[in-house]
Amino acid sequence: MRALVIGASGQVGAALLAELGARGHEALGTYAHHPAAGLTALDITDRGAVERAIGGARADWVLCPAGLTHVDYCEEHPAEAFAINRDGALQAAREGGRAGAGFVFYSTEYVFDGERGPYAEEDPARPLSVYGRSKWEGERAVLAEIERALVVRTTVVYGPDPQGKNFVYQLIRNCRSGQAMRIPADQVSSPTYNADLARGTIELCERDLSGVYHLAGDGVMDRFAFARLACEVFAVDPSRLTPVVTSALGQKAARPLKGGLRIAKARGLLSTPLRSPEAGLRAMRAALESDPVGRRGRRQRG
């Protein structure tokens with residue numbers, strides 16, 4: 001299989017490239033704002049550039065973890081959020097379809113309202129935020145546009161990250177420096193190890209499947225409980241962590257509180273393990289301790 005990963009400098013994209021290589025597939029990657037060795041620049045909102053990149057890749061699958069995921073920023077910049085998360089992805093899907101490629105669109109539990117989670121694939125969407133709406137409209141547009149379309153919903157992704165900016169990295173840095181953190185204890189979700197997300201996605205592509213799939217960690221827990229568990233696994237002091245309710249944080253965008261994703265559909269089809277938060281965190285620590293790039297990235301940002 002030959003794949004093009006749009007947004008390969010982020011944590012999901014980097015995990016996809018690593019897993020594609022490990023499984024013997026040929027992979028190309030692009031970046032938007034964070035250059036990395038072997039990747040080419042691509043602005044997903046530039047129609048001509050997207051056409052050239054996908055046309056030249058000759059890919060069997062185009063995987064698109066690229067997106068604007070800062071939830072509060074999206075709330076204040078809706079035009080930009082829809083231009084990237086819906087329109088840019090749709091254009092990439094169209095070009096992929098013209099080239100005969102399948103397309104993977106990454107979405108989120110934020111398409112749900114968080115009143116009755118965890119959610120299955122067929123549960124009705126009711127996004128509360130601009131970010132959630134941009135992803136929901138992106139899902140519908142891509143699925144309507146091409147036959148070989150995969151929508152992969154996930155949430156609270158963590159793991160080795162070349163940019164060192166996911167929640168677990170932030171948590172470790174702050175705990176080691178003694179900086180206080182207020183963490184919501186009323187946001188329930190399904191923390192997802194990025195290597196499992198990558199493997200599951202690639203297995204879906206290898207099986208040439210289409211439709212909507214939830215790829216997330218096994219089990220649900222609130223953000224504060226996840227933070228305490230991460231502190232335990234990484235042996236850092238959690239004493240400066242304070243549990244709060246989401247409303248106390250004054251965030252601009254509404255969050256789904258009782259969220260999480262049901263993964264029975266994926267589990268019934270795939271051999272990929274979708275690990276629990278504890279198993280995923282232990283795998284992350286082992287990966288950072290054994291991988292020189294992971295350790296170097298952590299030191300630069302620590």
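**Briefing: a cavity, its lining and the aromatic pairs**

The largest cavity in this structure has a volume of about 40 Å³. The model is a predicted one, and in it there is one cavity of 30 Å³ or more. Alongside this cavity, the structure contains five aromatic pairs, and the charged ends of Lys 135 and Lys 265 each sit over an aromatic ring.

**The cavity and its lining**

- The largest cavity is lined by Glu 109, Tyr 110, Gln 187, Val 188, Ser 189, Arg 223, Pro 256 and Leu 257.
- By residue class, the lining of the largest cavity divides into four nonpolar, two polar and two charged residues.
- Tyr 110, one of the lining residues, has a relative accessibility of 9% and therefore counts as buried, the cut-off being under 20%.

**The pair of Tyr 110 and Tyr 131**

- Tyr 110 also takes part in one of the ring pairs: its ring centre lies 5.8 Å from that of Tyr 131, and because the two planes stand at 70°, where over 60 degrees is required, the pair counts as edge-to-face.
- This pair links distant parts of the chain, since Tyr 110 belongs to the loop between strand 5 (102-108) and helix 5 (130-145), whereas Tyr 131 belongs to helix 5, with the two positions 21 residues apart in numbering.
- Tyr 131, with 8% relative accessibility, likewise counts as buried.

**The pair of Phe 167 and Phe 226, and the ring cluster**

- The ring centres of Phe 167 and Phe 226 are 6.2 Å apart and their planes are at 25°, so this pair is classed as stacked, for which the planes must be under 30 degrees apart.
- Here too the pair links distant parts of the chain, with Phe 167 in helix 6 (residues 167-177) and Phe 226 in helix 8 (residues 223-234), 59 residues apart.
- Phe 167 has a relative accessibility of 25% and so counts as partly exposed, whereas Phe 226, at 1%, counts as buried.
- Phe 167 and Phe 226 also belong to a cluster, in which ring pairs link them with Tyr 158 and Tyr 193.

**Lysine charges over aromatic rings**

- The charged end of Lys 135 is placed over the ring of Phe 105, at 4.9 Å from the ring centre.
- In a second such arrangement, the charged end of Lys 265 sits over the ring of Tyr 213, 4.2 Å from its centre.

Definitions and conventions
Residues numbered from 1 in each chain as written. Predicted model: local features only at pLDDT ≥ 70, side-chain atom pairs only at ≥ 80, totals over all residues. Heavy atoms only, no water. Phe/Tyr/Trp six-rings, centres within 6.5 Å; stacked < 30°, edge-to-face > 60°. Helix = DSSP H or I, 4+ residues; strand = E, 2+ residues; numbered from the N terminus. Buried < 20%, exposed > 50% of the residue type's maximum accessible area, 1.4 Å probe, protein only. Lys NZ or Arg CZ within 6 Å of the ring centre and 35° of its normal. 1 Å grid on protein atoms, 1.4 Å probe; cavity = no way out; pocket = protein on both sides within 12 Å on 5 of 7 lines; lining within 4 Å. Points joined across faces, edges and corners; volume = space filled by probe spheres on them. Nonpolar A, V, L, I, M, F, W, Y, C, P; charged D, E, K, R; others polar.
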